[in-house]
Every structure is written in C-alpha cells, then in structure tokens.
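Please open the model in your viewer and keep the sequence panel visible. The tour below proceeds by selection, and each stop states what is to be found there.

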Amino acid sequence: MADAAADGPRRVLVAADKFKGTLTAAEVSRHVAAGLRRAVPDVVVEALPVADGGDGTVAAALAAGFARHETRVTGPLGEGVTAVLALRGTTAVVEMAEASGLRRLPPGVLAPLTASTYGSGELLRAALDAGARTIVFGVGGSATTDGGAGMLTALGARFQRRDGEPVGPGGGALAEAASADLSGLDPRLARTGLVLAADVDNPLTGPSGAAAVYGPQKGASPRDIETLDAALAHFVRVLEGAVGGRAAQCAAAPGAGAAGGIGFAALLLGARFRPGIEVLLDALGFAAALERADLVITGEGSLDEQTLRGKAPAGVAAAARAAGREVVAVCGRLALSPEVLERAGIRRAYPLTDVEPDPAVCVARAGPVLERVAERLARDFLV
C-alpha cells in the first residue's frame, strides 16, 4: 500500500482509454473518480481521458478542452456523414475513423475492395479551413484498404486509368491506375505540420502489410487480400512516376500500413510518424497533469499482449514511470501476469472480475462495477 500524503489530500490522475464496446474513456474516468471518492472523500481527482490514435482520439481531445468542430464529409461507401474534429488554437486533432471507419458502414456491411478514404481527405481539408497549422492525424479502426488514394484525391491529387478516366474508389480499383499527378495538392499542406499518430508500425505491402494483417477484419477473403496487396504494390509503382523513389521509401516505412495504408499517403504528404499515445499525451498536456499527481490510474478494456505494443496504458505507464510516479490500472479483462505488468511500469491491475465474477454482468453494468473496483483500489493505494 502506498503511503498517504502528509501534506494534504492525495492527488490522482486518471488517464485511461475506453473499455471498447462498454465505456468511453471519459466515462471510465468518471466512474473511477466516483469510486475513489466513496472510499476517500477528500481525494483530488484529475481526469485526462486518453487514446492511442484510433477510435476515441477526438473524444479524448474534446475532454481535454479542445473545441468541437463538425463538418459534412463522404463516408467510406460514398454517403454523406457528419464528422467531428477537435481544435485548440492552430492545432487540430483529426480521427480518420470519423470519416472512413468501420463504424461508418451500415450494420452487417463490409466493403474491403471498394471502401474509400475520400472523406478523411475532406476532414483534413476542413481542419486547414479552420486555421489548423499543426494536425494530429489519428488513424485506426478503418473500413478501408485503399492506400490513402481517396484521401489524396480529396486533397487535390489525380489518379487516372489508361483511358483517361479517374480511378474508382477503393483499394481494388488501384490495379487500374496508370498515372498519378500530385501537382494539385492543397498548397496549405506544405505549410502545415502533419503528425501521423498510429499504434502500429506495419509497412504498406507484403506479409506484414495493410492487406495481409488488417484486411480480414474489414471483410477481405484470402483472394481479396491477394488482390489488395497487388493493387497497393502497383499503386506505389505508379506513384514513383510522380515522386520518384520516395514512394517506395514511404511504402516501406513504419506506419505506412496503418489504417489500410492511409499511413502511406500521410507519409507521402510529409507527415512525421509517432506512436499515437505519445502524440496524444503531448497534445493533451499530460506532462503538466503528471506533475500534479501522486498516483496515476490508467487502463483499457483488455490488458493483454496488445497493450504492450503501443497501446494507451503502456504509453501512460512509461511516461509516468519516467517521472517517478506510481501507476495502477483498471480493466475489463486481465491477461497479463504481475511480472509482465511490473516490467511495463504498472504496479497492479484491477479487472472488473475482481468484484464481479460474471463477465456478462461486467459488460452490462460496467460503470457501477468499475466504481466498486475503484473503491478497492483506493483502499489499497490511498488509505
């Protein structure tokens, strides 16, 4: 048990990601705070919901005080959708899933060969229109595998077939590309700092590329994966005619395969690739909040091996440990040993099943159960 502060109430920073499918990151923070206060009424709780670049990135920025900006863009199948980006001064946080994510598809519909990132380009353009000169571009949760061709098209690029007609939407159509012209790209991009925030470092093509690794979750069959991978490789060769060897360099770079290859297009635009959680912690002011904290609570729906590969709790724990702060975690499901948690900088983890053994109840009543978990955590670390 941690020693109680001698000079006043304990200060706790809650920097947790969402419990996917049950609680948003902001809801996790609220329920943890409520449970802590039931056990220790005078505890000072600061909430800083976090994300790793995927779903929930804009929500985390809004919870940290960024302003909400709505715009109409094109969804992955061509329909109009209302997307949200976050603004603070000249910094924008843009989440590609707002425009081109799986959640934008109709229920039960997947379109691995035809889903387009055109709306993501419109979202970036909306950020430029709003005055952004630094754009944090969070990628993840995409419905697409088009190498970012749709996004580039929305920003002014032209891709044509041999008959002079525009290349159709989606990754499958890239096999028909005969020429690329990037001269019409929005000139404001050259004056804007674009940061590619992702939690994966895959290249664009090959056995660890966008189609092979992430295609199945977008509905791609084995044959679809072969088609998409070949089309993406062809797309790179076509782009070499426009930008030279830089196209192949970007395709092989870490992060190029993120979100169906939209990472590749962002790198072509000059984006800097950084792990999503690191980017978000900087943008949200995590360092200053950490200075005010005695204890840090992080977490996500499932603490497992994936957590250790750039997910939000691992990033929070690493930064907190570097600052000499103790870190504990809450989660829906725990699949890491105490030894592995310790190496990741997490002193202890508290799954919902610690207080409710029925997983169905944990899902149905995640908020109240999390409050009971937070009470237990408070008795162990704050009393």
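The stops that follow treat two sheets, the helices packed on them, and a few individual residues.

**Before starting**

This is a predicted model, in which local features need pLDDT of at least 70 and side-chain atom pairs count only at pLDDT 80 or more, while totals for chains, interfaces and linings use all residues. Residues are numbered from 1 along each chain as its sequence is written, and side-chain values use heavy atoms, with hydrogens and water left out.

**Stop 1: the five-stranded sheet**

Select β1, β2, β11, β12 and β13; helices (H or I, at least four residues) and strands (E, at least two) are DSSP runs, numbered from the N terminus. These strands form an open sheet in the order β2-β1-β11-β12-β13, and the pairing is parallel. Two strands pair if DSSP finds at least two bridges between them. At the edges lie β2 (44–47) and β13 (348–351), each of which pairs on one side only. From one strand to the next, the twist averages 25°; axes are lines fitted to C-alpha atoms, for helices over the stretch in contact, and angles run from 0 to 180 degrees between N-to-C directions.

Now narrow the selection to β1 (residues 11–14) and β2, which are joined in the parallel sense by four bridges. Within β2, A47 is the residue opposite V14.

Add helix α12 (residues 312–322), which packs on this sheet and touches β11 (295–303) and β12 (326–334). The direction of α12 makes about 160° with that of β11. Next, show helix α15 (residues 366–381), which lies across β11, β12 and β13 and runs at about 150° to β13.

**Stop 2: helices α1 and α15**

Keep α15 and add α1 (residues 25–39). Two packed helices are described by the angle between their axes and the distance between the axes. Here the axes come within 7 Å and cross at roughly 45°. The two helices are therefore oblique to each other (under 35 degrees counts as roughly parallel, over 145 as roughly antiparallel, 65 to 115 as roughly perpendicular and the rest as oblique).

Which residues of α1 and α15 make the contact? Contact means heavy atoms within 4.5 Å. On α1 the residues include V28, H31, V32 and L36, and on α15 they include L370, E371, A374 and L377. By class, the contact has 10 nonpolar, three polar and five charged residues (Ala, Val, Leu, Ile, Met, Phe, Trp, Tyr, Cys and Pro count as nonpolar, Asp, Glu, Lys and Arg as charged, and the others, Gly among them, as polar).

Remain on α1 and select S29, which lies in this helix. Is S29 buried or exposed? At 4% relative accessibility, S29 counts as buried (under 20% relative accessible area is buried, over 50% exposed, and in between partly exposed, with a 1.4 Å probe and protein chains only). Apart from neighbours within four places in sequence, S29 is in contact with V14, A47 and P49. V14 and A47 are the pair standing opposite each other in the sheet of the first stop. A C-alpha to C-alpha distance of 9.8 Å separates S29 from V50, and the two are 21 residues apart in sequence.

**Stop 3: the six-stranded sheet**

Select the strands β3-β4-β5-β6-β9-β10, given here in their order in an open sheet of mixed pairing. β3 and β10 (272–275) are at the edges with a single partner strand each, so one side of each has no neighbour in the sheet. Neighbouring strands are turned by 30° against each other on average, direction ignored.

At one edge, β9 (residues 193–198) and β10 pair in the parallel sense over four bridges, with A197 opposite R274. Helix α4 (residues 118–129) packs on the sheet and touches β3, β4, β5 (91–95), β6 (134–138) and β9. The direction of α4 makes about 140° with that of β3.

Helix α10 (residues 276–284) also packs on the sheet, touching β4, β6, β9 and β10, and makes about 90° with β10. Seven of its nine residues are buried, so α10 is largely enclosed by the rest of the structure. Among them are I277, V279, L280 and L284. Just after α10, G285 takes a positive phi of about 80°.

**Stop 4: the β3 and β4 hairpin**

Finally, select β3 and β4 (residues 80–88), which run antiparallel and are joined by eight bridges. A67 has L87 in β4 as its bridge partner. Five residues lie between the strands of this hairpin, where G78 takes a positive phi near 100°.

T71 lies in β3 (residues 67–74) and is buried, with a relative accessible area of 18%. Leaving aside neighbours within four places in sequence, T71 is in contact with V81, T82, A83, L123 and A126.
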